[in-house]
Amino acid sequence: MSRVREAGVIGAGGAGFPTHVKLNAAAEYVLLNGAECEPLLRVDQQLMAVYTDEIITGLVAAGEQVQASEAIIGIKGKHKDVIEALSERIKALGFESYVSIHILPDIYPAGDEHVLVYELTGRIVPEGGIPLAVKCVVINAETALNVARALQGHNVTETYITLQGDIPCPMTVKAPVGIPVMEVLRRSGIDDFAGYSVIDGGPMMGSVMNDYNGYITKKNKGFIILRKDHYLIRKKMMTEQQARVIGKTACEQCRMCTDLCPRYLLGHDLQPHKLMRTMKYMPGELAEAVTASLCSQCNLCEMFSCPAHLSPRSINGWYKGRMREADIKYTPSATEYKTKEMRSYRMVPSKRLIARLGLAAFNGDAPLTDPEWDVKEVSIMLSQHAGVPAEPIVREGDTVKTGQVVGKIREGSLGAPVHASRDGQVVSVTDKMITIKVEAAYV
């Protein structure tokens, strides 16, 4: 536990929840999320193929920490070579009585924690709850890899990022934390981004970047690069105000957004069509929209389900924001949950989703590479995780080594330490980042 904490291991992708906090629990199952259900992303499936032993070892270590009686790897059946490699190495490492593989359907969002828990264990996470509520702990493949490396004494200084989309050179790169985002984007084979937009994350849950002047963090998982006139970019560029105005006038209450909602199908009381109705007739009645807090923001309703191309997810998000401001919380009324009878017939195949998004032409390989990075500086963000930012423990002029702690967790707070990703000299320390001039040997 202490090594995972010191190494700065967090959930690789998403909110970046500190792993040492997640593992400070008791559970019956530890689950490896190898679904990677976001279209076009290729990180976890390749890591499981290349770093098979380390990922299995990290998963087992996590399971032992939470005293889980069983570890289950969830992976889509289409990754046959990876499944074969995992099966062979689980047996060779002597973990066949502890680690099993569960084949997931190729659907979206198979990687949603609530969906994954149900598919792997048959348990339904309560409304507004986390997997621990049903004695499960979930980590993904890159996190398991970082757990294994932490136990070997290595801190998190690198991450893996898929570059995909309308680009000459799709690839998945191993990148140092803190290098400029633009350095990674240029690996796509595009130098002039004037005619392009970039989605930070996956096509479904990622957002269009406003500028490319930032720096890589431990949470970066992918960049989807598309021309500005692509349907997906135009859809994601719709403002919240536009979504509300159009939703008020055009929603026909067909309830397709609800019928295909993954959380609704698990038995939760999330019904997006009712939230659309509330927006249309009584938008200010927050009490009528309190179930919006159950939304996982998977975006299926907005990007696939709605035949009128409206924006239920944006409406849900608007209500969630208003409820936070008003300190209104949803109180579950159910104590037991049952999946909808039609659930197995209403899960959305990934291929259909990719086609609907206009991404079929870009759904190819993105080979894993470990390139040289010609960078003069790295900027280590102090907030790369859920919780409060790390506190700097270095000063301008200090010499640092790769893997050295440069920011620590504030005592008693949720967070994770950050580390230098290159040898060099600290040239700037602010409340947001620590900038290190890289030694010439790396350039």
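Contact means heavy atoms within 4.5 Å. The structure used in these exercises is a predicted model.

**Exercise 1. Histidine 419**

Task: State where histidine 419 lies, whether it is buried or exposed, and which residues it is in contact with, leaving aside its neighbours within four places in sequence.

Solution.
Step 1. Find the element. Histidine 419 belongs to strand S17, which covers residues 418-419.
Step 2. Check the accessibility. Buried means under 20% relative accessible area. Histidine 419 has 2% relative accessibility, so it counts as buried.
Step 3. List the contacts. With neighbours within four places in sequence left aside, histidine 419 touches Glu6, Ala7, Gly8, Asn155, Val156, Thr157, Ile380, Gly403, Gln404, Val405 and Val406.
Step 4. Look for a polar atom pair. A polar atom of the histidine 419 side chain lies 2.9 Å from the backbone oxygen of glutamate 6.

**Exercise 2. Serine 188**

Task: Describe the surroundings of serine 188, and say which backbone oxygen its side chain reaches.

Solution.
Step 1. Serine 188 is in the loop that runs between helix H8 (181-185) and strand S8 (196-200).
Step 2. The relative accessible area of serine 188 is 0%, so this residue is buried.
Step 3. The side chain of serine 188 reaches the backbone oxygen of leucine 185, at 2.6 Å.
Step 4. Leaving aside neighbours within four places in sequence, the contacts of serine 188 are Leu163, Ile167, Pro168, Cys169, Phe193 and Ile225.

**Exercise 3. Helix H6**

Task: Explain why helix H6 (residues 113-121) is described as largely enclosed by the rest of the structure.

Solution.
Step 1. Count the buried residues. Seven of the nine residues of H6 are buried, and therefore the helix is largely enclosed by the rest of the structure.
Step 2. Name them. They are His114, Val115, Leu116, Val117, Glu119, Leu120 and Thr121.
Step 3. Find what covers them. The buried residues of H6 pack against four strands and a helix: S1 (29-34), S2 (70-76), S3 (99-104), S5 (136-140) and helix H12 (262-265).
Step 4. Inspect the two ends. At the N-terminal end, aspartate 112 acts as a cap, with a side-chain oxygen 3.0 Å from the backbone nitrogen of histidine 114. After H6 comes glycine 122, which has a positive phi near 80°.

**Exercise 4. Strand S5**

Task: Which residues of S5 lie on one side, and which on the other?

Solution.
Step 1. In a regular strand, side chains alternate between the two faces of the sheet.
Step 2. In S5, Cys136, Val138 and Asn140 are on one side, while Val137 and Ile139 are on the other.
Step 3. Both faces of S5 are covered, as five of its five residues are buried.
Step 4. Look at the pairing. S1 and S5 run parallel and are joined by five bridges. Tyrosine 29 is opposite cysteine 136 in S5.

**Exercise 5. Two open sheets**

Task: For each sheet, give the strand order and identify the edge strands.

Solution.
Step 1. One open sheet has four strands in the order S13-S19-S18-S15, with antiparallel pairing. Strands S13 (377-381) and S15 (399-400) each have a single partner strand, so they stand at the edges, and one side of each has no neighbour in the sheet.
Step 2. S13 pairs with strand S19 (residues 433-438) over five bridges in the antiparallel sense. Methionine 381 is opposite methionine 433 in S19.
Step 3. Another open sheet has six strands, ordered S9-S8-S10-S6-S7-S12, and its pairing is mixed. Its edge strands are S9 (207-208) and S12 (368-369), each pairing on one side only.
Step 4. Within this sheet, strand S6 (residues 158-165) and strand S7 (residues 171-176) pair in the antiparallel sense over six bridges. Threonine 159 is opposite alanine 175 in S7.
Step 5. Helix H3 lies across S6, S7 and S12, and runs at about 125° to S6. Six of the eight residues of H3 (residues 43-50) are buried, namely Val43, Asp44, Gln45, Gln46, Leu47 and Met48.

**Exercise 6. Helices H4 and H5**

Task: Describe how H4 and H5 cross, and which residues make the contact.

Solution.
Step 1. The axes of H4 (residues 52-65) and H5 (residues 80-92) come within 10 Å and cross at roughly 60°. The crossing of H4 and H5 is right-handed.
Step 2. H4 contributes Thr52, Asp53 and Ile56 to the contact, and H5 contributes Ala85, Leu86, Arg89 and Ile90.
Step 3. Sorted by type, the residues of this contact are four nonpolar, one polar and two charged.

Methods:
Residues numbered from 1 in each chain as written. Predicted model: local features only at pLDDT ≥ 70, side-chain atom pairs only at ≥ 80, totals over all residues. Heavy atoms only, no water. Axes fitted to C-alpha atoms, helices over the stretch in contact; angles between N-to-C directions. Left-handed = near helix turned anticlockwise from the far one by under 90°. Nonpolar A, V, L, I, M, F, W, Y, C, P; charged D, E, K, R; others polar. Buried < 20%, exposed > 50% of the residue type's maximum accessible area, 1.4 Å probe, protein only. Polar contact = N/O pair within 3.5 Å; in protein donor to acceptor, adjacent residues only side chain to side chain. Pairing = 2+ DSSP bridges.
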